[in-house]
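Here are two short exercises to work through with the model open beside you. Try each task before reading its solution.

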Amino acid sequence: MAKKNILVIEDNHAILDVITLILESEAFNVSGLNKGVNFIDHVLEFEPSVIIMDIMLPDIDGRVLLKELKETDATKHIPALMISARYNATNYMLDGVEADDFMAKPFNIDELMDKIYALLKKSEN
């Protein structure tokens, strides 16, 4: 089976490094971004199977990126997992645009992997 691509958008380098190491140990190809600039271009080029996205980024609100992702025909099918320390599953939505899943920080690595595998399964159906 071909390696799946996972895009991680997280401005905290320590968290980005940990997520990247864990995903690479699970045999995923990982691309990490620490800000939202050129987000859709990067998604189109990397073709991720799942996107893990922080809400609070230095240059843009991650919810704006999620809205752009879900409103772009070429990318709206890609499952997105939103992560945040400030927001929770009931108050993170912007303009009614909802991610495929949500996880609060700090998070458990096993829970993260469970959510990723569930989203991968959803994307294959």
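**Exercise 1: the two sides of H1**

The exposed residues Ala14, Leu21 and Ser25 sit on the face of H1 turned away from its buried side (exposed is over 50% relative accessible area, buried under 20%, partly exposed in between, with a 1.4 Å probe and protein chains only). This is a predicted model, where local features need pLDDT of at least 70 and side-chain atom pairs count only at pLDDT 80 or more, while totals for chains, interfaces and linings use all residues. Residues are numbered from 1 along each chain as its sequence is written, and side-chain values use heavy atoms, leaving out hydrogens and water.

Task: work out which residues of H1 are buried and what covers them.

Solution, step by step:
- Find the helix: H1 spans residues 13–25, a DSSP run (H or I, at least four residues; strands are E, at least two; numbering starts at the N terminus).
- Pick out the buried set: Leu16, Ile19, Thr20, Ile22 and Leu23.
- Look down the axis: these buried residues fall within an arc of 165 degrees, so they line one face of H1 (the arc is that of the directions from the helix axis to the C-beta atoms).
- Check the cover: it includes strands E1, E2, E3 and E4, plus helix H4.

**Exercise 2: Asp54**

Task: is aspartate 54 buried or exposed, and which residues does it touch?

Solution, step by step:
- Place it: aspartate 54 lies in strand E3 (residues 50–54).
- Check accessibility: aspartate 54 counts as buried because its relative accessibility is 3%.
- List contacts (heavy atoms within 4.5 Å): leaving out residues up to four places away in sequence, aspartate 54 touches Ile9, Glu10, Asp11, Gly62, Met82, Ile83, Ser84 and Lys105.
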